[in-house]
Amino acid sequence: MPVIEKLKLENFEAYRQAEIFFTDGLNLITGRNSSGKTTILDAIFFALYGEVPEVTKRLLVSRLPATDKSMSVQITFNSPITGQKVQIFRQGKLTGPKTFKTERRRLLIDNVEIPVSSDVELKNKVSELIGVGMKKFLNLVYTRQGELTRILRPNRDEMDNILGINILKELIAEFEILEKEFTSYGGKDVETELANIRQIILPTLQPQLERLTKQTTQLEQEIAELEKKILTVKSAEFLNLIQKINERDNLINQLKQEETKIQFLLNKYSVSSPEKLKEKIAQLNLEQVQKQIEEINTKIELLTQLQRELQERITTIKTILEKNQVSTISQLIQKQNQLQESLTKTNHELETLNREMEQIQLALTELQPELLKLKKDLTEHKAMLENKVGTCPTCKQPITAELLAKLIKQEEEKIRELEPKLQDLEATQEQLNGKKEKLKQQQTNLTTTLASIKEDLAKIAELAKEATLSDLEKNLLEITQELASLQEEYKAKIEERSAIESEKEALLTANQEIEFAINKTTQLQTALFETIATIDTLLKKLTLPFKPEEKDLKSKVAEKLPFSPEEIEAAEEEICKKKETLEKVTDEIEKTRRKIEEYRQLEKKLATRLKQTQTIRSLKKRVEEIIEEIRNVTLQNIAKEALSIYNTLTDQQIYEKFEIDPENYRVYVYPHAFRTRLPATRTGGGHQTLIALSIKLALLRVLGYRNLLILDEPTYGVDAENITQLLARLAEAAQNITQVILVTHYGLGEEAAANIIHVKKQPDGSSVTIQ
Ligand SMILES: Nc1ncnc2c1ncn2[C@@H]1O[C@H](COP(=O)(O)OP(=O)(O)OP(=O)(O)O)[C@@H](O)[C@H]1O
Ligand SMILES: [Mg+2]
């Protein structure tokens, strides 16, 4: 079954419409230059991978006259990997003068539409179905026109890709990442850390632990020895004896202290015995002083009362005097007398005035009715005269006008005489009245003042009791002085009392202390007797020839024993210290043990890591070796295979050996009789084509890809004799490869071809195929 089965083009470059069929075996595409042969191969490539190397897509849209702006390609192929029939359809369009857009892409597998959303997705699917990716397809399957000899001096990466080394290289990179991860632990290098633990840390910690353990044993031994020694010395009786002697000494000391205390107190208060002290206390008489204080106090109170009263009286008298604007009592009396005199005088004056006023009143009483009568008569007479009355209305006697006029004249004269007199009298009366008023007022004032002074004097008399103010003041001064001296006396007495009190208190305290000390002495003595008795018993029990009262008993007893009590104390202290050290050392041992354990764990962990690292390294090395193997062995095989293919392609078998440099994949040839190898690119052009072709075929064979081979003009520079053989050989090779598509314009080898596609250029410039 052919791989590529059918290709359908529409508006693709020079093709308006074309449907091209392919068979398995050798498919030959022939035609003249520029007829459209390469276009078919590019169309196959575009249909499969969605692009054409080094050609921008917009150039793929036909520029022939009367074509629209869109193009499409459809390919049918049989997957050499899955055996499925695959159809791919791509349609694109010019959307601007320089822009091309894929409008549709379809994938059908065994006539089932498989949804694809992008060129990349479709490309990946095709790569799986064809069995090679786009790059590998270009390097291995499809040799583009003029690029055959590139294999003689290939791109290293491309070759790595073809040989499958790239994947292995990626694997190495992965291993390197892993190696990096595994060779470091906590930021440190695993190997260095492990060496550090094994060579420095553990070898240091181990002896440290041993040394500490040894130290523990030694300390325990020392403590045990000391304890044993102390135990023998510290027998119960001995300890008891020492303790009792200590007690005895202690009691003696205390007794001494108490006695000294008593003596000190007696000396302090200058008495010879406690009894004398008691007598001294009894002699201190507080009551008498207290009584005296009370007496003085009473006196003071009394005098104070007196002083206050006197003071009040003086103040009151002074206030009265001040009110009367005098400074002494006698002055006030004098003032009273003067006022009295003035009053008497005023009374007298009033009496005289009254008399005078009486006389004036009398004269007035006479004059006023006389004048009134005159005025009445005058008025009557004037009326009578006017009315020409001829008879007196009173006496009924006839009256004349002349008489009337005479009467009127007399009366008027009299009135004129009397009226000033009356006026004078009335003025005098008024004057006297004013004077009287004044005198009366004066009299009232004097009487009031006198009454008030009298009252004041009576009050003063009551307060002063016949004494003068200065007498009273003198008296007050005396009292004040006496009070001051009494207060002095009082203060002195109070001081005397407090002195006696504090002395008594001190003496009482001293007495109490002495009594307490005496009590304590008695107790201590009893205790001392008892202790001495116990010491006596113990001495006898221990058969020590000493007396219990002996002063230096303790040292004497100590002399009889291997250790002095001080030494025991020191030994005990030492035990204590040693125990502390032991505790510390034990702690240290525990810590060291823990540390060792931790480091052992870490060592294990690191060792595992190191092992894993080594595994990774060996795996990496293996892959590297595989790469090397591929490079060396596979390349050698290819070179060998290529040489044998080459020898079938031409009768000019002038090379002894082909060689592919594993470093850069360059092809070298060893021509017979040459001293050294020659780069294949330095052979003749025709030979370069032949060598390249044989390398290509060898590659396919060695790599086991036998499905498809597409060659565009692989005959460049090959001479006529060689071309016949070459094409025959290619036809032969096609038997081993499922499908070979070969472009040649020589029209040669047609007899070996299974399928011939003629390409022809039409007069309108379009290409057509004839099959
Ligand atoms: N977009 C296009 N529209 C129309 N014609 C095109 C377009 N692109 C290329 N051509 C024509 O296609 C022809 C080139 O076709 P192709 O390269 O396939 O020829 P060939 O047969 O391989 O030639 P040779 O033997 O020289 O290699 C030229 O005549 C060119 O004018
Ligand atoms: Mg061509």
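1. Contact here means heavy atoms within 4.5 Å. With that cut-off, and not counting residues up to four places away in sequence, I770 touches I756, I757, H758 and K760. The model under review is a predicted one.

2. I770 is found in strand β17, which covers residues 767-770. Its contact partner I756 is 14 residues away in sequence, and the two C-alpha atoms are 8.4 Å apart in space. Is I770 buried, partly exposed or exposed? Because its relative accessibility is 41%, I770 counts as partly exposed; the partly exposed class runs between the 20% limit for buried and the 50% limit for exposed.

3. Ligand 1 is surrounded by 18 residues, and S34, K37, T39, R63 and K761 are the closest of them. By class, this shell holds 9 polar, 5 charged and 4 nonpolar residues. Which helix gives the most to the shell? Helix α1, residues 37-49, does so with 3 residues.

4. Several polar approaches to ligand 1 can be listed. A polar side-chain atom of T39 lies 2.7 Å from an oxygen atom of the ligand. Q145 also places a polar side-chain atom by a ligand oxygen, at 2.9 Å. For R63 the atom involved is a backbone N or O, and it lies 2.8 Å from a nitrogen atom of ligand 1. Taken alone, ligand 1 exposes 660 Å², of which the protein buries 73%.

5. R63, one of the residues closest to ligand 1, is also in contact with R58. Leaving aside neighbours within four places in sequence, the other contacts of R58 are L94, P97, K98, T99 and F100. R58 lies in the loop between α1 and β4, the latter being residues 70-78. R58 counts as partly exposed because its relative accessibility is 25%. As a long-range reference distance, the C-alpha atoms of R58 and L463 are separated by 151 Å, with the two positions 405 residues apart along the chain.

6. The largest nonpolar core has 102 residues. Within this core, I4, L7, F22, L48, I130, F137 and I691 touch the most other members. Helix α14, residues 565-649, supplies the largest share, 12 residues. There is also a second, separate core of 26 residues, with L303, I453, L469 and L483 among its members. As general background, nonpolar side chains in soluble globular proteins tend to be buried together.

7. Two backbone angles may be worth a look. N11 is not a glycine, yet has a positive phi of about 55 degrees. K396 is likewise not a glycine and has a positive phi of about 60 degrees.

8. The settings of these two residues can be set side by side. N11 has its place in strand β1, residues 4-12, whereas K396 lies in the loop between α10 (329-387) and α11 (401-464). Which of the terms buried and exposed applies to N11? N11 counts as buried because its relative accessibility is 10%, and the limit for that class is under 20%. K396 has a relative accessible area of 60%, so it is exposed.

Terms used. Residues are numbered from 1 along each chain as its sequence is written. Chains are lettered from A and ligands numbered from 1 in the order in which they are written. This is a predicted model: local features need pLDDT of at least 70, side-chain atom pairs count only at pLDDT 80 or more; totals for chains, interfaces and linings use all residues. Side-chain values use heavy atoms; hydrogens and water are left out. A nonpolar core is a set of buried Ala, Val, Leu, Ile, Met, Phe, Trp, Tyr and Cys residues joined through side-chain atoms within 4.5 Å. Buried means under 20% relative accessible area, exposed over 50%, partly exposed in between (1.4 Å probe, protein chains only). Helices (H or I, at least four residues) and strands (E, at least two) are DSSP runs, numbered from the N terminus. A residue is near a molecule or strand if one of its heavy atoms lies within 4 Å of it. A polar contact is a pair of N or O atoms within 3.5 Å; within protein, one must be able to donate a hydrogen and the other to accept it, and residues adjacent in sequence count only if both atoms are side-chain atoms. Accessible areas come from the Shrake-Rupley method with a 1.4 Å probe; for residues, only the protein chains shown count as cover. Ala, Val, Leu, Ile, Met, Phe, Trp, Tyr, Cys and Pro count as nonpolar, Asp, Glu, Lys and Arg as charged, and the others, Gly among them, as polar.
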